[in-house]
Amino acid sequence: MSAATTRSRTPDRLCAEAIDLARTAAEEVAYPGIVGEHLGMVSEGDRVVTHYFECKEPGYRGWRWASTVARASRAKVVTLDETVLLPGTDALLAPEWVPWSERLRPGDMGPGDLLPTDAEDLRLEPGFSGEDEPAPNSAISDDMAELVEAEDIELSAGTPANLPMAPRRGSIAAVAEELGLRRARVLSRYGLHVAADRWEEAYGPKTAMAQAAPATCVSCGFLNRIGGTLGQAFGVCANEFSPADGHVVSLAYGCGGHSEAAVMPAPPRPPQPVIDETRVDPFPLRPSPDSGSVSAAPDESTAELGHS
């Protein structure tokens with residue numbers, strides 16, 4: 001071990017004693033009351049020492065104020081090098097930074113927010129463009145040109161995205177638009193499966209509500225069918241009292257609001273009151289003397305005992 005290495009590990013005496021200078025520098029960076037007690041020092045090199053102080057700032061548990069002081073060769077005055085806030089071994093640190101595309105969760109978007117979609121998103125695939133080579137048996141192939149004229153089919157000029165107006169009925173672009181393919185990108189098979197798994201997890205046959213339901217949504221009158229491939233297994237609930245109102249539900253889902261679960265009986269009607277107007281019922285103003293439980297006449301057997 002060289003002499004220089006030995007000297008660098010031994011703290012300089014004047015730098016080690018400059019605790020007040022280091023504390024004053026830390027309090028200037030923060031403010032008094034945030035800098036705590038002195039936690040120790042570390043020799044950074046020849047005549048360079050770093051003093052550590054406790055950080056009392058809320059939210060920075062385990063952090064330390066580090067003030068580095070130094071002394072020039074043959075000088076007797078210690079000067080300040082820098083003051084920083086550093087995490088300790090048990091410091092409370094922020095989680096590792098994650099890109100926004102991976103942090104985004106359903107429901108995070110608000111009014112005015114824009115969510116760009118990756119060009120290589122696996123959930124999407126190219127839609128109908130009209131620029132691909134037609135199949136040999138296609139209506140727009142060279143071999144079928146005469147059949148096109150005979151059937152009086154109108155072909156659109158250019159890609160559907162560049163058309164100035166909606167294509168006429170009977171054209172290839174019109175058929176693509178009717179099928180929902182006249183878009184730059186459409187759902188891929190992977191996108192369909194991801195959406196179906198997500199909907200089934202929220203409103204599917206394995207939920208607690210569906211397990212206790214009297215019947216499934218496929219037989220419910222409040223179910224509205226949806227188009228496309230997903231319409232074979234999903235629909236939209238239109239029962240305002242159902243927990244799935246307005247949501248896409250699986251046809252195997254169910255709840256207590258099923259339209260055929262129970263028919264509410266009609267409330268019983270009380271009979272009409274019968275009033276006899278041919279007679280008059282007497283209504284005495286005072287009760288009859290013999291109407292009570294005690295006789296009004298004195299009892300001879302109890303008169304001798306002094307009872308009234």
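1. In which loop does Arg47 lie? In this predicted model, Arg47 sits in the loop that runs between β1 (35-45) and β2 (48-55). The residue deserves a remark on its backbone, since Arg47 has a positive phi of about 60° although it is not a glycine. Most residues other than glycine have a negative phi. As for its surroundings, Arg47 is partly exposed, with a relative accessible area of 29%, a value that lies between the limits of 20% for buried and 50% for exposed.

2. A second arginine calls for a similar comment, for Arg74 has a positive phi of about 65° and is likewise not a glycine. Arg74 is found in the loop between β3 (63-71) and β4 (78-87). With a relative accessible area of 82%, Arg74 counts as exposed, because exposed means over 50%.

3. Turning to the interior, a search of the whole structure finds one cavity of 30 Å³ or more, and the volume given for the largest cavity is about 80 Å³.

4. The lining of the largest cavity can be followed along the chain: Cys217, Cys220, Phe222 and Leu223 are among the residues that contribute to it, and the lining also includes Cys237, Asn239 and Val249, together with Gly254, Cys255, Gly257 and His258. By residue class, this lining divides into seven nonpolar and four polar residues, with no charged residue. In this count Cys is taken as nonpolar and Gly as polar, which a reader checking the division against the list of names should keep in mind.

Technical notes: Residues are numbered from 1 along each chain as its sequence is written. This is a predicted model: local features need pLDDT of at least 70, side-chain atom pairs count only at pLDDT 80 or more; totals for chains, interfaces and linings use all residues. Side-chain values use heavy atoms; hydrogens and water are left out. On a 1 Å grid over the protein atoms alone, a cavity is a set of points where a 1.4 Å probe fits but cannot get out, and a pocket is an open set with protein on both sides within 12 Å along at least five of seven lines; lining residues have an atom within 4 Å of a point. Grid points are joined across faces, edges and corners, and a volume is the space filled by probe spheres set on the points. Helices (H or I, at least four residues) and strands (E, at least two) are DSSP runs, numbered from the N terminus. Buried means under 20% relative accessible area, exposed over 50%, partly exposed in between (1.4 Å probe, protein chains only).
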